[in-house]
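Colleague: I'm new to looking at protein models, and I'd like a close look at one part. Could you walk me through the largest pocket and what surrounds it?

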Amino acid sequence: MNAHPMHPFLVRAAAAASGVAAAVPADQPLDAPTPCGEFDVRALINHWVLYTSHGLEHRARRTELPEELSSREFTADADWRAAYAAQLERAVAAWGEPTAWEGDVDLGGSPVPAVGIARMLILELVLHGWDVARAVGEQIAVDEELALLVGEIVEENAELYRQYAGFAEAVAVPDDASAWERALAASGRDPRWKA
């Protein structure tokens with residue numbers, strides 16, 4: 001079975017996200033602020049877990065996300081970090097099937113090519129992964145090649161995301177900024193943000 005060439009990037013993005021989740025301190029205040037102004041830590045983690053692990057698998061399988069999941073407070077479970085890592089593994093395995101990359105995925109009544117959906121989910125994994133990491137004083141491990149891909153996907157989708165308040169306006173960065181810092185800044189995130 002030959003996986004899609006984008007699959008290894010999904011694997012790495014999921015590993016980076018799982019690493020962030022594992023680093024969230026057990027005593028982390030869940031009402032603390034995050035780089036996503038509308039979310040505190042609790043809301044951000046719940047959103048991130050829902051869409052980047054459960055949503056990721058359901059998109060691959062072309063199945064509806066159950067209502068029960070949409071209203072679940074994942075952070076209420078003491079073992080949410082391990083549960084997230086396990087669900088990410090299932091989701092990444094579902095995208096390991098070549099058929100997952102074929103055709104379209106329904107996105108709110110609009111058909112979107114599966115590859116485009118997977119690229120957007122890579123963004124969700126690492127951009128919200130960075131948001132969570134920053135909010136709890138940790139780092140996310142994004143290699144140069146993944147950072148360049150994320151920058152490319154951000155540029156492709158920035159105008160659309162800004163229409164729906166998914167991204168803020170781009171942030172200026174120094175000329176010597178890394179590919180990762182540039183990707184963050186292009187998505188409206190300030191790479192220097194601290195809790």
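Modeller: Here is a walk through the largest pocket, its lining and the elements beside it.

This is a predicted model, in which local features need pLDDT of at least 70 and side-chain atom pairs count only at pLDDT 80 or more, while totals for chains, interfaces and linings use all residues. Residues are numbered from 1 along each chain as its sequence is written, and side-chain values use heavy atoms, with hydrogens and water left out.

Let's start with the space itself. Rolling a probe the size of a water molecule over the atoms shows where empty space is left. Here a pocket is an open set of points, on a 1 Å grid over the protein atoms alone, where a 1.4 Å probe fits, with protein on both sides within 12 Å along at least five of seven lines. The largest pocket holds about 1,100 Å³, a volume being the space filled by probe spheres set on the points, which are joined across faces, edges and corners.

Now for the walls. The lining has 40 residues, and those closest to the pocket's centre are His47, Tyr51, Met120, Glu124 and Tyr161; a lining residue has an atom within 4 Å of a point. By class, 20 lining residues are nonpolar, 11 are polar and nine are charged. Nonpolar here covers Ala, Val, Leu, Ile, Met, Phe, Trp, Tyr, Cys and Pro, charged covers Asp, Glu, Lys and Arg, and the others, Gly among them, are polar.

Which elements supply at least two residues each? They are α2 (41-61), β1 (104-107), α5 (114-135) and α6 (144-163). Helices (H or I, at least four residues) and strands (E, at least two) are DSSP runs numbered from the N terminus.

The element to linger on is α5, which gives the most to the lining, with nine residues. This helix has 22 residues and reaches 31 Å from its first C-alpha to its last, close to the 32 Å expected at 1.5 Å a residue; the expected span is 1.5 Å times one less than the number of residues. Because 20 of its 22 residues are buried, α5 is largely enclosed by the rest of the structure. Buried means under 20% relative accessible area, with a 1.4 Å probe and protein chains only. After α5 comes Gly137, with a positive phi near 75°.

Finally, look at β1, which pairs with β2 (residues 110-113) in the antiparallel sense over four bridges; pairing needs at least two bridges found by DSSP. Leu107 has Ser110 in β2 as its bridge partner. Two residues lie between the strands of this hairpin, where Gly108 takes a positive phi near 60°.

Key
Buried means under 20% relative accessible area, exposed over 50%, partly exposed in between (1.4 Å probe, protein chains only).
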